[in-house]
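I am opening a notebook page on this structure. I will look up strand pairing first and the ligand afterwards.

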Amino acid sequence: MMPQPQTPPAHVGLLQIMNGIFVAGAVSCLAQLGIPDLVEAAPKSAQELATQIGADPQALYRLLRATASVGVLSEGPDGKFSQTPVSAVLRSQATPSLRAFAIMSGREWHGRGWSHLDYCVRTGKQAMEQIYGVPIFEFLKQHPAESQIFNDAMTELSMIDGPAVAEAYNFAGIRTIVDIAGGHGLLLATILQMNPHLQGTLYEMPHVLDGARSGPLMPVMERCTLASGDMFSSVPAGADAYIMKHIIHDWPDDRCVQLLQACRKGVNPGGRLLVVDSVIQPGNDFSPGKLLDLQMMIFPSGCERTEKQFRDLFAASGWRLNRIIPTAAPDSIVEGVPA
Ligand SMILES: C[S@@+](CC[C@H](N)C(=O)[O-])C[C@H]1O[C@@H](n2cnc3c(N)ncnc32)[C@H](O)[C@@H]1O
């Protein structure tokens with residue numbers, strides 16, 4: 001008789017799930033210390049790396065051994081640690097890189113936010129104001145070092161989903177596009193590079209726009225305008241399309257309606273609304289969006305939405321949901337046309 005595969009007991013599965021926080025913490029620390037960059041050229045021992053970064057060799061060895069146990073670095077028989085495909089993604093110059101994203105998840109504000117998830121669930125409110133007295137984007141404005149990490153993390157995510165969006169959508173009928181709250185501009189830069197006929201505008205908060213001036217848009221700056229402001233007060237008018245990635249999921253319905261109505265008012269006849277976000281499928285299926293949704297509950301005050309929720313949001317703002325276009329990334333493009 002063939003041996004039957006054994007299902008691990010439920011407590012083993014649960015311990016694995018709970019250990020996820022140790023894995024994330026260790027990988028975040030590895031990224032913060034810059035170790036993946038230091039082992040790119042050749043394997044190194046904990047002692048060598050500790051001398052390079054000014055760390056305790058034994059403590060560093062324990063960190064490296066822990067991350068190697070989950071495939072982030074590999075320990076050789078000589079005790080030296082070498083790069084693996086996963087650790088390579090944590091290098092600062094990797095494409096895509098997730099170094100800033102990993103660092104961000106280890107920041108104090110991030111950890112404190114997650115430790116308040118029960119507060120968010122009990123009250124339906126976001127945690128940042130409870131902890132720091134200000135909402136997330138105000139907190140970032142007041143803390144330039146954290147803002148830099150956050151903006152870099154957003155740019156890193158755009159290295160992955162930017163090309164996926166630019167490839168999935170046909171921009172042929174569009175001449176002018178505004179990227180609402182587009183961070184440092186990598187999504188817009190990717191779209192402009194792939195569509196030489198397009199003119200773009202990056203719209204952002206003033207302190208974020210400062211970082212965009214020397215950022216990814218530089219090679220296409222002759223076809224791009226930078227505009228700063230508060231998207232809830234006004235948006236640049238007269239565009240054929242408004243695109244917003246990871247914006248609608250940051251906000252509750254009433255703020256989204258306010259923003260989408262402003263875009264409706266500003267859009268040229270026959271124009272488009274392009275919302276790039278996860279579209280949640282009801283049921284038990286795994287999707288990253290269902291976990292990201294908790295992040296939206298803790299830090300801003302938004303949520304990931306189902307198709308029906310997007311349809312209702314669009315209808316309340318003068319738009320009609322025309323179609324949902326999947327991309328090679330977990331996000332979809334939810335396309336609106338004037339109702
Ligand atoms: C989750 S990030 C997404 C950035 C970018 N769209 C991306 O996908 O990488 C949200 C962005 O919204 C911007 N933002 C927040 N409140 C804003 C406001 N009132 N007006 C303009 N931009 C705002 C933030 O500065 C931040 O860059």
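How many bridges join β8 to strand β12, and do the two run parallel or antiparallel? I looked up the pair and found five bridges, with the strands running antiparallel. I note here that the model is predicted. Strand β12 covers residues 332-338. For one bridge in this pair I wrote down the partners: Leu273 is matched with Gly336 in β12.

Next I checked β8, residues 267-277, against strand β7, residues 239-245. These two run parallel and are joined by six bridges. Here I found Ile243 opposite Leu274 of β8. I then followed the chain from β7 to β8: the path goes through helix α14, residues 253-266, and this β-α-β crossover is right-handed.

Second entry, the ligand. I listed the residues that surround the ligand and got 19, the closest being Ala181, Glu204, Asp230, Met231 and Lys245. Sorted by class, the shell has 10 nonpolar, five polar and four charged residues. I also asked which helix gives the most to this shell. Helix α11, residues 144-168, does, with three residues.

Then I looked up polar side-chain atoms facing ligand atoms. For Glu204 I noted 2.5 Å to an oxygen atom of the ligand. For Lys245 the distance, also to a ligand oxygen atom, is 2.7 Å. For Asp230 the ligand atom is a nitrogen, at 2.8 Å. Last, I looked up how much of the ligand is covered: taken alone the ligand exposes 600 Å², and the protein buries 94% of that.

Technical notes: Residues are numbered from 1 along each chain as its sequence is written. This is a predicted model: local features need pLDDT of at least 70, side-chain atom pairs count only at pLDDT 80 or more; totals for chains, interfaces and linings use all residues. Side-chain values use heavy atoms; hydrogens and water are left out. A residue is near a molecule or strand if one of its heavy atoms lies within 4 Å of it. A polar contact is a pair of N or O atoms within 3.5 Å; within protein, one must be able to donate a hydrogen and the other to accept it, and residues adjacent in sequence count only if both atoms are side-chain atoms. Accessible areas come from the Shrake-Rupley method with a 1.4 Å probe; for residues, only the protein chains shown count as cover. Helices (H or I, at least four residues) and strands (E, at least two) are DSSP runs, numbered from the N terminus. Ala, Val, Leu, Ile, Met, Phe, Trp, Tyr, Cys and Pro count as nonpolar, Asp, Glu, Lys and Arg as charged, and the others, Gly among them, as polar. Two strands pair if DSSP finds at least two bridges between them. A crossover is right-handed if, with the strands pointing away from the viewer, the path from the first strand over the helix to the second runs clockwise.
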